[in-house]
Amino acid sequence: MSSMIVILENSGFVKEKLGKIGILEIGSNQKTGSNKSYQNLCNCTYSRFLKIQEFTRINEIDVSIDLLKIDDSDLKLPDFELVFDRLNKSLMAIEVDVSWIPTSCGIPFFSDFEAFLRRHSFLLHRILETDFRCFNPAIPCEKLGSGLQIVSSRVVFVRDFSRFNELSPSQLLKLAIILGEAYCSSDMAFLALKEFDLQMNSQLADLFQKELAGEEAATVAESGFSEPVKVQPTDFVSLYSLGVDAFNRSNFSEALDLFARASLLQPEFAQVFFNLGLTAGRLGRYSDALNHLDRCIALDPSFDEARKIRKTIAEELIPNNSVLRPSQPTTKYADKLRIALEFQAKNQLAEAEAIFLEIISEDPADFPSLFSLGGIEQNRRNPQKSLEYFSRAMAVKPDYPALWYNIGVVQQSLKRFDEALASYDKALELDPEYSEVLLNRGGVLVEMNRHRDALLTFEELLRKDPGNAKALCNRGILLTDFKLYDLAIETFAKLVEVDPDFDYALGLYGFAKMHACDWTNLEPIKQSIIEGVKAEKRVCKSLAFTAISGEPSEHLVCAQVFARHFFPAHEPLWNGEVYAHQKLKIAYVSPDFREHPVGHLSAGLFEAHDRNRFEIIGVSLGIDDGSPMRKRMEKAFDKFVDARQIPSYELASMLKSMNVDVLVDMAGYTADSRTDVFSYRPVPVQVNYLGYSSTLGLDYIDYIIADRHIIPKKYRNCYSEKVVYLPDTYMPTDSRVHIAATTPPRPQYGLPEQGFIFCSFNHDYKINSQIFDVWMRLLKQVHGSVLWLMKLNESAEKNLRKEAEKRGVDPSRIVFATRVPSIADHLARYRMADLFLDTSPCNAHSTSSDVLRAGLPLVTCRGKAFAGRVAAGLLSVVGLEELITDNLTDYEALALKLAQKPEFLQKMKEKLVKNLESSRLFDTDYYCRNLEAAYEEMIKRARAGLAPESFAVPRQGKTSEAKK
């Protein structure tokens, strides 16, 4: 009996709370015994088999289905989508065959299936088995990755573990059993049990972890590695395909062996001898390579690629005898090499390059020169030339770990992530202790969105080197991505202990504590951060600093330090050209063209642009979440570029070639931004707009879009950009957004039927001890009131309840709201609240717009910096200046007055509703005309050769006659 079942039965949860696990199999033929994983569970499973033709009759099943197993390739994705809604609420996991490439057999294409399930809160968890076939038998020289094709895989999708809080206790137990029993995934089972414990105040997860610690087999099961593929000596397809796989992983010795074995089975197959020749060449065995290529050409005289490779080897490599041995330099030659390396060490690259080129003209196989020339080109950001030199060096010395590391670095810069990963793995094969490779391997896995594998890579490095500061930093950042803030705090604390001066370490530590609402010793940490910023040290990243300091001058210093470190200016691509096109070309760059606050704010703006005067380009840096908002975004632009896999320099060059007039950065220093694209100055005008509520501290960003409320004239010198003042507000809104007509009763959201509801749906890191003190005093003075917060991470919720108790407030008076299906429902639930309480020094931003649209009064404490003035600016636009305060004492007094004087609160609500009718805050067309006028003035100045300068945009007409 397994650990999972022992724990559940001993705890009494199986019989009392679990219910039966429903398993539905879809297929052509029922597979007997397919559910053996569950047979130990005391008959707690309900199994049902349906033939594929019966799938649409799924509504006949009268019990909930927790696990869906699809064993038939005839099931098409549209058929699955039709019945998915009938299962979705109870479904915990889905096991299905998917195809990785388009095939004629009808298996669902992985990317389509994965996108559909991701929209419904399911994520790929595990690949159980894979079917390999080779559709393209030859390895093309210029595209090595296309020889081996992964045809299909058996994969498992499970509920998104970051949303386990949306599941009931019974569902969590079922999910834990499915993951632990059927898929040997103890880590995911543990996460499900942790959420169960949180909801039920139990200790199942700890019991489970202790039980696992005593089971040797659990370590193997949790690793997720499958057994090695066993190849039959007479299976040509497998030998050949695995040979291509080994070649693409740069394991040339293994590839050569597999191709040789395959050639014995199919001696008339020309392509296998071509591959043998190509592989032998990579190993520097050029004589063998010529023999294999001769055999290939004899079998297929039309094989021109083989002739080309043979000519290269025969004419360029064999004559210099670079095949058989490394160079044996003379004393004069050794002196040249020494001088060249000294030049390179002094960064005198041109002088070093000249000598290295002279050396390889005498000896084309000189490894140090080839390796150094590759490094020089890498330094010059000439990746293709760099790879050419490294490839020649590899032919001479394929067992040099640093060579594979550098190849991986170049491939990673080109966003060829699979190739980079293979190169790093080759370097580690040669030198398992190569810490820099492990660091970069983790980094490339992050870029591939394989965050769990990246975390395991950093864990591996830390097992070898527990004090490795870079690994600690990366581990902590990934833990914050997983919202495991307690572990992140421990990691960053260790980082600060190991290297107190490590770049941004103290800021990362403080920011993790802020996310977790862990205020223990936080104030001294914040003060140290502020002092470090004033001293221009790399102590804190600028986004975190906006919630630590309220001084705009300090924000500027922090941003400039960060900018100098990560985003220095490069040689500009645009050099004063004036474009003759009639329409201004505006390109918006953002990772958030999807379900995201920035997406919701800006979608209507993009649609409202006047297409008679402007061409609008969307440059997407983030994921395609498959949402309706993403589809709407793609349609909103005249051109839409998915730039995730385009290296920054190439993207900048593309924008230059498109003759873009204005390039708009909508992300700043937030997640998945690409500030380095702007560092190449590909366009005449570059703008900081909307996505980042502070200065970027960059000389090559010309303007910041603002209004008179968020950047008063007296603080203008705290921004590196010139300030463009829009007439009312800098924040766009979408007039197409509507509020749901009905609002569910309060108890449905965990709120009391009666009593005053204080609401604050701001981010966790914006809540600090000072503002929380005010909130708790308000709860004490307003009888029966509760504080309604957005559901945060587990650490924050736990700590806020503890902080409430320390202040003499019953923790149950804090209610946490969960996500709702649509923006319309989200806006509607604000009707249940009585008053919104803002945070300080970092305000509500898009949230404050939502609050006012819903008709809910908002009390704010206006600060000095952009991030602390947004809510006050919006209140001014709607004529409610009386709800703006300038210190926390007045903030608390005003909130208390509104809560204790119903007639005053009602007056504010009525005034807000009335003012919204005449306000232009939610008039998208009007806002767009003002922003267009700003762009036109920017370009007018640029075309006249004038430097950027701050200016105010006069109010424009409310509508335009033609938009598209």
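**A colleague's note on the predicted model**

1. Let's start with helix H32, residues 769–781. At 1.5 Å a residue, its 13 residues should span 18 Å, and the end C-alpha atoms are indeed 18 Å apart, so expectation and model agree. Please keep in mind throughout that this is a predicted model.

2. Staying with H32, you will find that Ser-769, Ile-771, Phe-772, Val-774, Trp-775, Met-776, Leu-778 and Leu-779 are buried. At the start of the helix, Asn-768 places a side-chain oxygen within 3.3 Å of the backbone nitrogen of Gln-770.

3. Now for the overall picture. The protein chain holds 39 helices and 20 strands. Of its 964 residues, 55% are buried. If you take the contacts between residues at least 6 apart in sequence, 67% of them join residues at least 24 apart.

4. The sheet to look for has eight strands and is open, with the order S9-S8-S7-S10-S11-S12-S13-S20 and parallel pairing. Its edges are strand S9 (639–642) and strand S20 (951–952), each of which pairs on one side only. Helix H39 (residues 924–943) packs on this sheet, where it touches strand S7 (584–590), strand S8 (614–620), S10, S11, strand S12 (703–707), strand S13 (722–726) and S20. The direction of H39 makes about 110° with that of S7.

5. For a closer view of one pairing within the sheet, try strand S10 (residues 662–665) and strand S11 (residues 685–688), which are parallel and share four bridges. One pair to pick out is Val-662 with its bridge partner in S11, Val-685.

6. H39 also meets helix H28 (residues 597–608): their axes come within 9 Å and cross at roughly 70°. Angles of 65 to 115 degrees count as roughly perpendicular, so H28 is roughly perpendicular to H39. On the H28 side the contacts come from Gly-604, Leu-605 and Ala-608, and on the H39 side from Thr-924, Asp-925, Tyr-927, Cys-928, Arg-929, Leu-931 and Glu-932.

7. H28 deserves a point of its own. Because 10 of its 12 residues are buried, H28 is largely enclosed by the rest of the structure. The buried residues are Val-598, Gly-599, Leu-601, Ser-602, Ala-603, Gly-604, Leu-605, Phe-606, Glu-607 and Ala-608. What do they pack against? Their partners are S7, helix H29 (628–636), H35 and H39.

8. A few backbone details are worth a look on screen. Most residues other than glycine have a negative phi, and most peptide bonds are trans. Tyr-504 has a positive phi of about 65° although it is not a glycine. Tyr-504 sits in the loop between helix H23 (485–498) and helix H24 (505–515). Its relative accessibility is 2%, and buried means under 20%, so Tyr-504 counts as buried.

9. Glu-536 is another non-glycine residue with a positive phi, near 60°. You can find Glu-536 in the loop between helix H25 (522–534) and helix H26 (542–545). With a relative accessible area of 49%, Glu-536 is partly exposed.

10. The peptide bond between Ser-840 and Pro-841 is cis, with omega about 10°. Pro-841 belongs to the loop between strand S17 (835–837) and helix H35 (846–853). Pro-841 also turns up among the contacts of Ser-549: beyond neighbours within four places in sequence, Ser-549 touches Ile-530, Glu-554, His-555 and Pro-841.

11. Ser-549 itself is in the loop between H26 and helix H27 (552–566). Is Ser-549 buried or exposed? At 3% relative accessibility, Ser-549 counts as buried. A polar atom of the Ser-549 side chain lies 3.1 Å from the backbone nitrogen of Glu-551.

12. Finally, S17 has a partner of its own: S17 and S18 run parallel and are joined by two bridges. Leu-837 stands opposite Val-859 in S18. In a regular strand the side chains alternate between the two faces of the sheet. In strand S18 (residues 858–861), Leu-858 and Thr-860 point one way while Val-859 and Cys-861 point the other way, and all are buried.

Notes. Residues numbered from 1 in each chain as written. Predicted model: local features only at pLDDT ≥ 70, side-chain atom pairs only at ≥ 80, totals over all residues. Heavy atoms only, no water. Expected span 1.5 Å × (residues − 1). Buried < 20%, exposed > 50% of the residue type's maximum accessible area, 1.4 Å probe, protein only. Polar contact = N/O pair within 3.5 Å; in protein donor to acceptor, adjacent residues only side chain to side chain. Pairing = 2+ DSSP bridges. Contact = heavy atoms within 4.5 Å. Axes fitted to C-alpha atoms, helices over the stretch in contact; angles between N-to-C directions. Parallel < 35°, antiparallel > 145°, perpendicular 65-115°, else oblique.
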